[in-house]
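Reader: I am new to this structure and would like a close look at a single part of it, with enough of the surroundings to keep my bearings. Please take your time over the answer.

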Amino acid sequence: MNRTRIWTFLSLLLSAGFLLVSCREVSPPKTYGATPSPELIAWQQLEYYMFIHFGPNTFTDVEWGNGKEDPGIFNPSDLDCRQWAETAKNAGMKGIILTAKHHDGFCLWPSAYSKHTVRESPWKNGQGDILQELSEACREFGLKFGVYISPWDQNHPSYGTDVYNDIFLKTIEEVLSAYGPVFEIWFDGANGEGKNGKKQIYDWEAFHKAVCRLQPKTIHAIEVNGIGPSCRWMGNEKGIAGTTNWSTLNNPVGLAVDILERGEQGGKLWVPAETDVSIRPGWFYSPSTDDKVKSVEKLMDIYYTSVGRNSNLLLNVPPDKRGRIHPNDSIRLMQFREAREAAFADNLARGAKISAGNTRGKSSRYSPKNLLEDNYDSYWATDDSVTATFIEVDMNKTQSINRLVLQEYIPLGQRVARFSVYYDAEGQWIKLLSATTIGYKRILRFPLTKTSKIKIEIEESLASPVLNKLEIYRSPELLAEPVFSRDKKGMLSMSCPTGDPVIRYTLDGSEPGPDSEIYTQPLPFSEGGSVKAFASIENGSKKSNVVTANFSLAPAKFQVISPQSEDAARIVDGLETEPAQLPSKEPLVIDLGEKLKLKGFFYLPLNRWGASNIFKYRLSGSPDGKIWTQILSNATFNNIGNNPIKQEVVFDKQQEVRFLKMEVLESTGEAASYTAVEIGALL
Ligand code: FUL
């Protein structure tokens with residue numbers, strides 16, 4: 001070996017030694033606060049999976065059954081769980097959770113602890129088992145399998161007694177023992193009366209302990225109490241998580257909605273959020289919602305407000321009476337997948353220069369470069385004392401951008417509490433946005449911005465920040481579908497919330513196309529009917545989904561005669577905007593202005609959590625406002641508390657009346673008053 005070689009050899013040895021020493025010296029950050037178990041990390045990485053509501057309600061076309069349904073009605077003509085699983089797989093979903101038992105108590109498997117099951121139905125001559133079929137289909141398509149079982153059971157004779165808690169324990173045992181691994185068990189918290197008129201006091205502790213004993217890795221949703229790995233309900237059924245969203249809670253029992261939405265900063269337990277929402281207005285299939293499947297634009301919005309806000313997305317896709325997913329839903333799911341892929345196709349941060357205000361021990365192991373790599377477990381970290389710092393990304397050339405994805409390395413806890421994003425405008429940093437939490441994943445949307453550099457200023461972190469991902473995109477903006485409004489006189493207007501596109505429509509129920517009428521001004525539409533429209537940019541580059549709305553007779557002659565107030569008058573102004581708040585003790589009487597043959601009526605509640613909407617009511621009709629006939633006696637708007645959407649009620653037989661009287665027997669909020677945006681007639 002000559003001298004130079006010796007020197008080179010020695011210096012290599014030295015630098016290797018240095019490297020070794022520096023790697024050894026810079027220890028990884030310690031965990032901060034509550035951290036997720038390995039199952040909860042894997043669960044969070046699923047991000048998006050399918051909810052399936054299926055059961056007697058599919059056949060009776062209601063949202064909540066009453067447990068008195070004849071099992072004879074449960075007879076899907078062509079049930080195919082493989083089709084469910086294949087659709088979920090092609091949609092990019094990672095699992096399926098099935099309503100094995102909803103509030104009507106009907107079990108989709110032949111439970112030994114109920115006499116109200118598939119066994120008692122004509123489907124497959126009582127020999128079928130949907131849990132069996134679905135769990136096998138999930139395995140075949142590489143999907144996780146989960147079950148929803150409602151503790152509220154309106155059929156079981158022992159519901160409302162202590163015996164029922166044991167029955168429910170056995171039920172848990174059945175679903176967790178016979179069908180292989182269950183990734184999530186969904187306990188719906190709804191608790192109403194059973195067959196015997198009693199409400200059950202649930203033994204939650206025993207239920208959760210049973211799950212832990214039978215399948216310790218199963219995630220407990222959504223009624224949680226700190227026993228077993230758990231996720232929490234996001235607090236609404238609209239698909240919107242809080243913009244601030246901590247995956248931690250202090251005490252998971254009896255949580256208020258704002259805590260469900262936001263979590264609790266620095267909470268003692270790791271209980272991440274799950275956002276459940278249906279692709280249709282209701283949870284169960286109804287032919288009346290075939291044209292109300294959410295648009296791609298709406299689904300993308302939901303994706304940003306759920307997965308994009310540190311929450312998993314559980315999207316409900318209810319099979320129809322055949323026992324198959326309807327083509328309208330599956331087509332939409334595929335369009336949604338394409339839209340997601342297009343939105344996140346080209347990461348403009350790849351290949352960028354990245355630097356940070358601080359790097360842990362100056363070690364390359366914690367370099368900000370790790371944020372641009374795909375390895376989940378390599379991350380950027382700072383020295384322990386640093387809780388405010390920045391990351392700067394130089395994309396090397398000017399780009400138009402509108403999305404930023406950030407991820408915290410949650411195995412070490414959730415830390416970042418406040419940050420701002422800046423972009424470079426000719427050497428000046430201009431603020432783009434400010435936000436609070438990041439968590440497992442945060443996707444920030446902002447208007448298209450031209451720049452070559454961005455900077456993320458972490459302003460507050462509960463401990464030194466640890467992030468493992470940063471991505472930048474230019475996502476195509478989607479066109480929103482048109483929205484309709486009709487005034488009291490019946491003039492129909494159309495508008496589009498995004499941009500100023502052309503709206504084409506039909507009024508005869510036919511599908512609108514490129515040659516359909518273009519909307520220019522409000523149209524007379526007082527008799528009602530079906531309006532279908534889509535928005536498009538005329539060069540054909542962008543087109544929204546087609547939206548359909550069915551209008552009944554305009555309330556031109558309708559008048560509220562009791563109570564008499566400006567507020568009450570709004571209930572029949574045709575506009576589905578301003579809510580009225582009315583006293584519960586005074587019956588609401590509407591004069592329809594003439595005798596009408598009513599097929600039914602509709603009630604538009606206030607779509608806001610905690611609103612005091614009508615739950616239980618009595619409805620009567622009269623030809624003259626003096627002699628009244630009861631039409632509905634103890635009727636309920638089922639699930640209106642959690643999902644306050646438009647309620648359309650079709651009567652058993654047509655009613656010819658001029659006056660309608662609504663008596664509110666129970667509302668979802670405070671008892672003294674109730675809210676209504678609009679009440680109208682269905683002809
Ligand atoms: C609610 C239930 O009452 C609905 O029917 C539906 O199952 C939804 C997912 O949860 O609480």
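How many positive and how many negative side chains does the chain have, and how far apart do the centres of the two sets lie? After that, please look closely at the strand that holds Lys-144.

Author: The model is a predicted one, and the charges are a convenient way into it. The chain has 76 positive and 82 negative side chains, and the centres of these two sets lie 4 Å apart.

Some further values for the whole chain help before turning to the strand. A compact globule of 683 residues would have a radius of gyration near 26 Å, and the 28 Å found for this chain agrees with that. Taken along the principal axes, the box filled by the C-alpha atoms comes to roughly 115 × 65 × 45 Å. Of the 683 residues, 57% are buried, while the area that the chain exposes is about 29200 Å², with 50% of it supplied by carbon and sulfur atoms. When contacts between residues at least 6 apart in sequence are considered, 73% of them join residues at least 24 apart. The secondary structure comes to eleven helices and 33 strands, and one of these strands is the part you asked about.

Lys-144 belongs to strand β3, which covers residues 144-149. With a relative accessible area of 41%, Lys-144 is partly exposed, a value that falls between the 20% below which a residue is called buried and the 50% above which it is called exposed. Leaving aside residues up to four places away in sequence, Lys-144 touches Leu-46, Lys-94, Gly-95, Ile-96, Cys-138 and Phe-183. Asn-191, by contrast, is 47 residues from Lys-144 along the chain, and the C-alpha atoms of the two are separated by 28 Å.

Strand β3 pairs in the parallel sense with strand β4, residues 184-187, over three bridges. At residue level, Ile-149 stands opposite Phe-187 in β4. Both strands belong to an open sheet of eight strands with parallel pairing, whose order is β5-β4-β3-β2-β1-β10-β9-β6. The edges of this sheet are taken by β5 (219-222) and β6 (232-233), each of which has a single partner strand, so one side of each is left without a neighbour in the sheet. In general, the strands of a sheet pair through backbone hydrogen bonds, either parallel or antiparallel.

The antiparallel sense can be seen elsewhere in the chain. Three strands form an open sheet in the order β18-β19-β22 with antiparallel pairing, and its edge strands, β18 (483-486) and β22 (523-524), each pair on one side only. Between β18 and β19, the latter being residues 491-495, there are four bridges, and Ser-485 stands opposite Ser-493 in β19.

A further antiparallel pair is formed by β27 (residues 580-583) and β32 (residues 673-676), which are joined by four bridges. Leu-582 stands opposite Tyr-674 in β32. The side chains of β27 alternate, with Ala-580 and Leu-582 pointing to one face and buried, whereas Gln-581 and Pro-583 point to the other and are not buried. Ala-676, which lies in β32, is buried, with a relative accessible area of 0%. Its contacts, apart from residues up to four places away in sequence, are Ile-571, Pro-579, Ala-580, Tyr-603 and Leu-604. Ala-676 and Pro-579 are 97 residues apart along the chain, yet their C-alpha atoms are separated by 5.5 Å.

Note on methods:
Residues are numbered from 1 along each chain as its sequence is written. This is a predicted model: local features need pLDDT of at least 70, side-chain atom pairs count only at pLDDT 80 or more; totals for chains, interfaces and linings use all residues. Side-chain values use heavy atoms; hydrogens and water are left out. Two strands pair if DSSP finds at least two bridges between them. Helices (H or I, at least four residues) and strands (E, at least two) are DSSP runs, numbered from the N terminus. The radius of gyration is taken over C-alpha atoms; the globule rule is 2.2 Å times the number of residues to the power 0.38. Buried means under 20% relative accessible area, exposed over 50%, partly exposed in between (1.4 Å probe, protein chains only). Contact means heavy atoms within 4.5 Å. Accessible areas come from the Shrake-Rupley method with a 1.4 Å probe; for residues, only the protein chains shown count as cover. Lys and Arg count as positive and Asp and Glu as negative; His and the chain ends are not counted. The place of a charge is taken as NZ of Lys, CZ of Arg, CG of Asp or CD of Glu.
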